[in-house]
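Trainee: I would like to learn how to read a model like this one, feature by feature. Where should we begin?

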Amino acid sequence: MRRGERFADMSLNARVKIAELGHSFIQDDCTLLVHGVSRVVTGLILKAAESKHFNLIITESRPDAAG
């Protein structure tokens, strides 16, 4: 249980750190193309949206429409 909780904490912290470091690569008025769903990418986009305006294109994947 402790190892699982520790892993979950490390994963959350890693996602937060990636968003903190990565949002600077997204520039105002740019267009992002995203394929699929990821908590890491979602966190990065939400962090960038706090201070920037950009277009986001999300592709739809088949057969399960997971995009």
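**Reading the model**

Mentor: Begin with one residue: Ala-19 lies in helix α1. Keep in mind that this is a predicted model.

Trainee: Is Ala-19 buried or exposed?

Mentor: Burial is read from relative accessible area, and buried means under 20%. Ala-19 has 8% relative accessibility, so this residue counts as buried.

Trainee: Which residues does Ala-19 contact, beyond its neighbours within four places in sequence?

Mentor: Ala-19 is in contact with Gly-43, Leu-44 and Lys-47, once those neighbours within four places are left aside. The C-alpha atom of Ala-19 is also 7.7 Å from that of Ile-45, although 26 residues separate the two along the chain.

Trainee: At what angle do helix α1 and α2 pack?

Mentor: Helix α1, residues 2–22, packs with α2 at an angle of about 45 degrees, and the axes are 8 Å apart. Because of that angle, α1 is oblique to α2. The crossing of α1 past α2 is right-handed. On the α1 side the contact is made by Arg-15, Ile-18, Ala-19, Glu-20 and Gly-22, and on the α2 side by Arg-39, Val-40, Gly-43, Leu-44 and Lys-47.

Trainee: How many residues of the contact of α1 with α2 are nonpolar, polar and charged?

Mentor: In the contact of α1 with α2, four residues are nonpolar, two are polar and four are charged.

Trainee: Which residues make up the largest nonpolar core?

Mentor: As a general idea, nonpolar side chains in soluble globular proteins tend to be buried together. In this model, the largest nonpolar core has eight residues: Ile-26, Cys-30, Leu-32, Val-34, Leu-44, Ile-45, Ala-48 and Phe-54. Both β1 (31–35) and α2 (39–49) supply at least two residues of this core. The largest share, three residues, comes from α2.

Trainee: Take Ile-45 from that core. Which residues is Ile-45 in contact with, leaving aside neighbours within four places in sequence?

Mentor: With those neighbours left aside, the contacts of Ile-45 are Leu-32, Val-34, Phe-54 and Leu-56.

Trainee: Now a strand residue. Where does Ile-57 lie, and which residues does Ile-57 contact?

Mentor: Ile-57 lies in strand β2, residues 55–59. Leaving aside neighbours within four places in sequence, Ile-57 is in contact with Thr-31, Leu-32, Leu-33 and Val-34. The C-alpha atoms of Ile-57 and Leu-33 are 4.8 Å apart, with their positions 24 residues apart along the chain. Ile-57 counts as partly exposed because its relative accessibility is 45%.

Trainee: The loops remain. Where does His-23 lie, and is His-23 buried or exposed?

Mentor: A loop position does not settle the matter, and the value has to be read for each residue. His-23 lies in the loop between α1 and β1, and its relative accessibility of 18% is why His-23 counts as buried. Not counting residues up to four places away in sequence, His-23 touches Ile-18, Leu-44, Lys-47, Ala-48 and Lys-52.

Trainee: What about Asp-29?

Mentor: Asp-29 also lies in the loop between α1 and β1. At 67% relative accessibility, Asp-29 counts as exposed. Look at the backbone too: Asp-29 is not a glycine, yet has a positive phi of about 60 degrees.

Trainee: Where does Glu-50 lie?

Mentor: Glu-50 lies in the loop between α2 and β2. With a relative accessible area of 61%, Glu-50 is exposed. Its C-alpha atom is 9.6 Å from that of His-23, and the two residues are 27 residues apart along the chain.

Notes: Residues are numbered from 1 along each chain as its sequence is written. This is a predicted model: local features need pLDDT of at least 70, side-chain atom pairs count only at pLDDT 80 or more; totals for chains, interfaces and linings use all residues. Side-chain values use heavy atoms; hydrogens and water are left out. A nonpolar core is a set of buried Ala, Val, Leu, Ile, Met, Phe, Trp, Tyr and Cys residues joined through side-chain atoms within 4.5 Å. Buried means under 20% relative accessible area, exposed over 50%, partly exposed in between (1.4 Å probe, protein chains only). Helices (H or I, at least four residues) and strands (E, at least two) are DSSP runs, numbered from the N terminus. Contact means heavy atoms within 4.5 Å. Axes are lines fitted to C-alpha atoms, for helices over the stretch in contact, and angles run from 0 to 180 degrees between N-to-C directions. Angles under 35 degrees count as roughly parallel, over 145 as roughly antiparallel, 65 to 115 as roughly perpendicular and the rest as oblique. A crossing is left-handed if the near helix is turned anticlockwise from the far one by less than a right angle, and right-handed if clockwise. Ala, Val, Leu, Ile, Met, Phe, Trp, Tyr, Cys and Pro count as nonpolar, Asp, Glu, Lys and Arg as charged, and the others, Gly among them, as polar.
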